[in-house]
Amino acid sequence: VLVRRQLIGEVDKSLRARAAAIATIASRLPSPPARQPSGPRFRVPSAPFAEPEGYVQLVSRTGNVRLTPGEHIKLPTDGAVAVASGRRPSFFADRTVAGKSLRIYTARAGDGAVQIARAMGDVDSALGWIRVIFGVISLVAVAATALLGLLVARATLRPVAALTEDVERITPTGDLTARTDEGRSDELGRLGKAFNSMLAALRESLSAQRQLVADASHEVRTPLASILGFARL
C-alpha cells in the first residue's frame, strides 16, 4: 500500500505539472462553436494513447472534446464539464479505456478543462512484482519464524524434560539424597531449587519420623518387659 501510494503520488505530480503547462497553451486556443460535436485539433506535447508520457484532450464547457492530431480515442469526460465551468475542482480518476488502465487528471484550462491520462501498466507491473517478492519473503519469514520458535521451545523445555526425568528416577527408588539441576537463573532454575528444597524437607521429615518411631519403640519396650517379668513371677 505504501509503495502504491508513493508511485501514484509521483504519477500525480507529473500529471499536475503537465496540466499546468498545457493550460497555458489551451488558454490561447479559440473556443469551438457550441454546435460542433468537437472542436478543431490542437497541438501540444502529447504522447500516444496508453503511453506513460500522457495522453491529452481538452473539454469545453458544453462537453465538446478536442484531440491532438492523429488521435481518435476519447477519454471519459465524467466531471470534466463541471471542472470546465468552475463548479468542481481538479480531480484524479482511475479508468479503463480500450482495455488500458489509466490515471486521468482533469483540471481547469482556459475556458475549458484539460484531461491528461497516463497509462498505469508500468506501475501495475511494478506492484505485481512487489506482491510476488513480498509473498516469497513472507513465506520465508513465516518458515524461519516457525523453525526459530521450535528451536527456542526445545531449548526452553529441555530443563523441564530433565526435571521430569529426575522425578521419574527418584519416585520408584525413593532416593531423597538425589538433586536436580538448579544452576539456571530463570524460572526453571527457581523450580529446580524449590524441588531440591522439597526433597531436603521430605528427607528431614522422614528422618524425624523414623527417629520418632525408634524412640517410641524404646519407650514402649521397657514397660512391656517389666510387665512380662511380673507376669512370669
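Of the 233 residues in this chain, 29% are buried, where buried means under 20% relative accessible area. Keep in mind as you look around that this is a predicted model. The surface that the chain exposes comes to about 15100 Å², and 61% of that area is supplied by carbon and sulfur atoms.

Now follow the chain itself. You will meet four helices and five strands. Starting at the N terminus, their order is α-β-β-α-β-β-β-α-α. To see how parts of the sequence come together, take the contacts between residues at least 6 apart in sequence: 53% of these join residues at least 24 apart.

Next, let us turn to the space inside. Rolling a probe the size of a water molecule over the atoms shows where empty space is left. How many cavities of 30 Å³ or more does the structure hold? There is one, and the volume of the largest cavity is about 60 Å³.

You can find its walls by picking out Pro 76, Asp 78, Phe 91, Ala 93, Arg 95, Ile 104, Thr 106 and Gln 115, which line the largest cavity. Two elements each give two or more residues to this lining: strand S3 (91-97) and strand S4 (100-109). Which of the elements gives the most? That is S3, with three residues. As for chemical character, the lining is made up of four nonpolar, two polar and two charged residues. Asp 78 and Arg 95 both belong to this lining, and Asp and Arg are among the residue types that count as charged.

Methods: Residues are numbered from 1 along each chain as its sequence is written. This is a predicted model: local features need pLDDT of at least 70, side-chain atom pairs count only at pLDDT 80 or more; totals for chains, interfaces and linings use all residues. Side-chain values use heavy atoms; hydrogens and water are left out. On a 1 Å grid over the protein atoms alone, a cavity is a set of points where a 1.4 Å probe fits but cannot get out, and a pocket is an open set with protein on both sides within 12 Å along at least five of seven lines; lining residues have an atom within 4 Å of a point. Grid points are joined across faces, edges and corners, and a volume is the space filled by probe spheres set on the points. Buried means under 20% relative accessible area, exposed over 50%, partly exposed in between (1.4 Å probe, protein chains only). Contact means heavy atoms within 4.5 Å. Accessible areas come from the Shrake-Rupley method with a 1.4 Å probe; for residues, only the protein chains shown count as cover.
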